[in-house]
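Look at the structure below and follow how two helices meet, then where open space is left.

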Amino acid sequence: MLQPTEKIWHNGRLIAWNDAKIHVLSHVVSYGSSVFEGVRCYETQQGPAVFRPREHMRRLVDSAKIYRMDLKYSIDELTDAMLDVIRVNNMSSCYVRPLVLRGYGDVGVLPNNNPIETYIACFPWGRYLGEAALKDGVDVCVSSWTRIAPNTLPALAKAGANYMNSQLIRMEAAANGYTEGIALDEAGYVSEGSGENIFLVRDGKLLTPPLGASVLPGITRDTIVKIAGQLGVPVVETIIPRELLYIADEVFFTGTAAEVTPIRSVDKIKVGSGSRGPITEKIQKRFFEIVDGSAKDEFGWLTYISNVREKVPVGA
């Protein structure tokens with residue numbers, strides 16, 4: 001369950017957590033008209049540090065543009081606001097949820113008369129798929145629910161409405177005793193999890209579905225591609241048949257929430273040795289060394305809270 005913090009950023013001001021409310025007839029409630037982000041702030045020896053904040057805010061701005069939402073704030077302004085929220089709430093580590101939605105106004109499908117509301121909240125949040133999952137891996141299934149098809153809902157946008165599809169995938173998996181589900185695209189090829197990108201290892205190569213397979217362009221996905229390159233692991237972006245999941249040497253999820261989580265079985269078929277594989281472990285180790293500050297951040301992915309001056313005034 002959510003653990004409330006003190007302040008939330010709303011349209012340029014910091015407001016009390018309990019004041020961040022919308023009307024039941026806001027456009028977003030009926031029609032799912034929102035875009036959002038998930039960002040992690042990690043505790044390091046040098047103080048709290050946000051992982052790739054500008055890249056996340058760029059994707060938020062991109063998502064808003066795709067859905068014709070007139071966002072009044074720049075990437076830099078949103079990034080500064082996110083850092084201020086973490087600072088004012090005195091968080092050493094946390095999960096951050098930037099959210100842009102269509103608010104109260106008209107009740108028709110055409111949203112042009114509804115105001116655009118922008119919020120940024122932060123709160124404590126642990127391992128998305130469980131603490132033990134990072135080492136032991138998780139059991140997953142291929143979902144009966146297909147990932148959203150091209151030219152229906154835009155998969156490149158991280159939109160609230162898209163996650164109705166994700167909810168069906170995750171609920172079905174949970175009902176059948178699995179930790180998570182993997183969705184196929186409309187052509188029957190591997191797409192992604194309900195809230196994670198996916199990678200396979202086969203003969204020393206790292207395989208991942210292309211964006212054209214209804215894949216969200218994950219920030220962690222991009223991170224793992226770069227880390228793999230640094231570690232000398234070849235990366236191939238390619239369509240992946242379902243059955244390749246069963247014969248892969250290793251499979252793992254990536255995402256801001258899931259971080260790097262091994263998959264030990266798919267549809268009750270053991271993946272590789274049935275535990276975290278060596279390439280997954282190597283990539284996972286490097287990822288956590290970077291985000292906890294114990295390894296050199298050669299890519300400049302971490303933004304330290306203490307290094308940024310507060311710019312947003314605290315409102316009532």
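**Two helices and two pockets**

In this predicted model, P53, R54, M57, R58, L60 and V61 of helix α2 are in contact with I75, D76, L78, T79 and M82 of helix α3. Sorted by character, the residues of this contact are seven nonpolar, one polar and three charged.

Two packed helices are described by the angle between their axes and the distance between the axes. Helix α2 covers residues 53–66 and helix α3 covers residues 75–88; their axes come within 9 Å and cross at roughly 125 degrees. The two helices are therefore oblique to each other. The crossing of α2 and α3 is right-handed.

Now turn to the empty space. Rolling a probe the size of a water molecule over the atoms shows where such space is left. The largest pocket holds about 1000 Å³. Its lining is made of 44 residues, and F36, Y95, R97, W125 and Y163 lie nearest its centre. Two or more lining residues come from each of β6 (94–102), β7 (116–123), α5 (162–175), α6 (219–231) and β14 (250–255). Helix α5 supplies the largest share, five residues. By character, the lining of the largest pocket has 22 nonpolar, 13 polar and nine charged residues.

The second largest pocket has a volume of about 290 Å³. It is lined by 13 residues, with R58, R59, P217, G218 and I219 nearest its centre. Helices α2 and α6 each give two or more residues to this lining, and α2 gives the most, with five. The lining of the second largest pocket divides into five nonpolar, one polar and seven charged residues. R58 thus appears both in the contact of α2 with α3 and at the second largest pocket.

Technical notes:
Residues numbered from 1 in each chain as written. Predicted model: local features only at pLDDT ≥ 70, side-chain atom pairs only at ≥ 80, totals over all residues. Heavy atoms only, no water. Axes fitted to C-alpha atoms, helices over the stretch in contact; angles between N-to-C directions. Helix = DSSP H or I, 4+ residues; strand = E, 2+ residues; numbered from the N terminus. Parallel < 35°, antiparallel > 145°, perpendicular 65-115°, else oblique. Left-handed = near helix turned anticlockwise from the far one by under 90°. Contact = heavy atoms within 4.5 Å. Nonpolar A, V, L, I, M, F, W, Y, C, P; charged D, E, K, R; others polar. 1 Å grid on protein atoms, 1.4 Å probe; cavity = no way out; pocket = protein on both sides within 12 Å on 5 of 7 lines; lining within 4 Å. Points joined across faces, edges and corners; volume = space filled by probe spheres on them.
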